[in-house]
Amino acid sequence: MEMNARCIACLIKKQDEKIRKESDEKKKLSYMKEVLHILGNSKDEETMPWLSNQIDALYAKTFPHAVLPYAAIKKHYNEMMCAMEADIRKQIQCKEDALAYAIQLARVGNYIDFGALDEVDANFFLDLLAKADEDVLDSQKYAALKQDLANARRLLYICDNCGEILLDKLLIEQLQFQYPHLSITAMVRGGEVINDATMIDAQDVHLQSICHVIDNGIAMAGTDIRHISQQAFQAIQDADIILAKGQANFETLCGNGLPVYYLLLCKCDLFAERFSLPKYKGVLFHEDSPSSSQ
C-alpha cells in the first residue's frame with residue numbers, strides 16, 4: 001500500500017498528542033523536528049508501518065519514561081483471552097458454519113491494537129466479541145476463500161496483536177479441521193513492537209501446539225517484505241494462500257501481487273472510507289477483488 005498523505009497527517013497528530021503533557025518544551029520541539037525530518041526524508045515507496053517504527057524508536061529514546069508497559073499489557077490480554085478459550089471454542093463448534101464464525105471472531109480480535117487506537121476499551125471489545133456473528137461475511141469473497149483453501153497445499157497465517165492471537169489459534173483449528181490437507185504455518189513479529197504478537201505471545205496461547213510458528217525476523221508492525229528475514233520471505237513465497245490479520249499487514253503487503261486474504265477491523269477513518277464501512281466493522285478482502293469488501 002502506497003504512502004498516504006492522510007496517514008502522515010494522522011501520524012504527526014498522534015505524536016503531538018503523545019508529547020503534549022511533557023513539560024520540557026525544548027525537548028518537545030526537537031522531537032517534532034526529528035519526526036518531520038524522518039517523514040520529509042522518506043522515500044515514496046516506504047510503508048507507514050516502517051515510518052511508524054522509526055518514529056516509535058525515536059519516541060522511546062527521547063521520552064523513555066512515557067513508554068507504555070506493553071509487556072504487562074500483552075500478558076493481560078493473552079491471559080484474558082486464554083481464560084475464555086474453552087467457552088469460545090464451544091461456541092464455534094455449535095455454529096452451523098463454524099469456519100465463518102471463527103473468521104468473524106478473529107476479525108473482532110483485531111480491535112486489540114494500541115498502535116491504531118488512542119484507547120483500547122476492554123468492555124467495548126467484549127461487546128464486539130459478543131456480537132461478532134452480526135458482522136456478516138461477504139458471501140462471494142467467503143466462497144472464493146473456501147475454494148482457494150480447498151485447492152491450496154500450504155497456508156501462511158500472519159498474526160497481528162496480542163490477545164487477538166488466541167482467536168487466530170481457534171480459527172487455525174477450524175481451518176485444520178475443515179481442510180486437513182493444508183500445511184499451516186503461523187507467522188508472528190520478530191521482536192517487540194507496541195502490542196504486536198511475538199513468539200512469547202504464541203507461547204502464551206500455546207499456538208505451537210497446533211501448528212508450525214515462525215517469526216518474521218524484524219521488530220516492526222506489519223510484514224514489509226523488504227526488511228523481513230529470508231526464512232519469512234521464503235514462507236511467503238512458498239504459500240499457496242496467505243491469511244493476513246490487521247491494518248499494518250494490509251499496508252505492508254497490499255500491492256505486492258501475493259495470494260493474500262486480509263482479515264481486519266476498520267479502526268481508522270481512512271480504512272473505513274476505503275472499504276465503505278463504518279468504523280469497527282470487519283473486512284474480508286482479497287487483492288484480486290475489483291474494489292472494496294465487507
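Student: Which residue in S2 stands opposite leucine 155?

Tutor: In this predicted model, isoleucine 184 of S2 stands opposite leucine 155.

Student: What makes S1 and S2 a pair?

Tutor: Two strands count as paired if there are at least two bridges between them. S1 and S2 have five bridges, in the parallel sense, so the requirement of at least two is met.

Student: How do you know that S2 and S3 pair?

Tutor: The same rule applies. S2 and S3 are joined over four bridges, again in the parallel sense, and at least two are needed, so they pair. Threonine 185 stands opposite histidine 212 in S3.

Student: What joins S1 to S4?

Tutor: Strand S1 (residues 154-158) and strand S4 (residues 241-245) run parallel and are joined by four bridges. Within S4, leucine 243 is the bridge partner of tyrosine 157.

Student: Why are S3 and S6 called edge strands?

Tutor: Strand S3 (212-215) and strand S6 (282-286) each pair on one side only. The open sheet has six strands in the order S3-S2-S1-S4-S5-S6, and its pairing is mixed. From one strand to the next, the twist averages 20 degrees.

Student: Which units are called right-handed β-α-β units?

Tutor: One is made by S1, H8 and S2, and another by S2, H9 and S3. The term right-handed applies because, with the strands pointing away from the viewer, the path from the first strand over the helix to the second runs clockwise.

Student: Why is S2 described as largely enclosed?

Tutor: Five of the six residues of S2 are buried, so the rest of the structure largely encloses this strand.

Student: Which residues have the most contacts inside the largest nonpolar core?

Tutor: They are Phe125, Leu155, Tyr157, Leu171, Leu175 and Leu207, in a core of 58 residues. Helix H5 (residues 98-109) gives the most to this core, with nine residues. Another core, of 28 residues, lies apart from it and includes Leu156 and Met220. H5 also lies across S1, S4, strand S5 (260-265) and S6, and runs at about 60 degrees to S5.

Student: What is tyrosine 157 in contact with, leaving aside its neighbours within four places in sequence?

Tutor: Its contacts include Asp168, Leu171, Leu175, Leu243 and Lys245.

Student: What makes lysine 245 and aspartate 168 a salt bridge?

Tutor: Their closest N and O atoms are 2.6 Å apart. The limit is 4 Å, so the pair qualifies. Lysine 245 lies in strand S4 and aspartate 168 in helix H8 (residues 164-178), so parts that are 77 residues apart in sequence are tied together.

Student: Why is lysine 245 called buried?

Tutor: Its relative accessible area is 0%, and buried means under 20%, so the term applies. Aspartate 168, also at 0% relative accessibility, counts as buried too.

Student: How do you know that arginine 89 and glutamate 85 meet in a salt bridge?

Tutor: The N to O distance between their side chains is 2.7 Å, which is within 4 Å, so the rule is satisfied. Both residues lie in helix H4 (residues 70-94), four residues apart, about one turn of the helix. Together with Lys169 and Glu173, they are linked in a network of salt bridges.

Student: Is arginine 89 buried or partly exposed, and is glutamate 85 buried or exposed?

Tutor: Arginine 89, at 22% relative accessibility, counts as partly exposed. Glutamate 85 has a relative accessible area of 12% and is buried. The cut-off for buried is under 20%, so the two residues fall on opposite sides of it.

Student: What makes aspartate 16 and arginine 20 a salt bridge?

Tutor: Their side chains meet at 2.2 Å, N to O, within the 4 Å limit, so they count as a salt bridge. Aspartate 16 is partly exposed at 31%, whereas arginine 20 is exposed at 52%. By this rule there are 22 salt bridges.

Student: Why is serine 276 called exposed?

Tutor: Its relative accessibility is 61%, and exposed means over 50%, so the term holds. Serine 276 is in the loop between helix H12 (269-274) and S6.

Student: What is the phi of serine 276?

Tutor: The phi is positive, about 55 degrees, although serine 276 is not a glycine. Most residues other than glycine have a negative phi. Isoleucine 194, also not a glycine, has a positive phi of about 50 degrees; this residue is in the loop between strand S2 (183-188) and helix H9 (199-204).

Methods:
Residues numbered from 1 in each chain as written. Predicted model: local features only at pLDDT ≥ 70, side-chain atom pairs only at ≥ 80, totals over all residues. Heavy atoms only, no water. Core = buried A, V, L, I, M, F, W, Y, C linked by side-chain atoms within 4.5 Å. Buried < 20%, exposed > 50% of the residue type's maximum accessible area, 1.4 Å probe, protein only. Helix = DSSP H or I, 4+ residues; strand = E, 2+ residues; numbered from the N terminus. Contact = heavy atoms within 4.5 Å. Axes fitted to C-alpha atoms, helices over the stretch in contact; angles between N-to-C directions.
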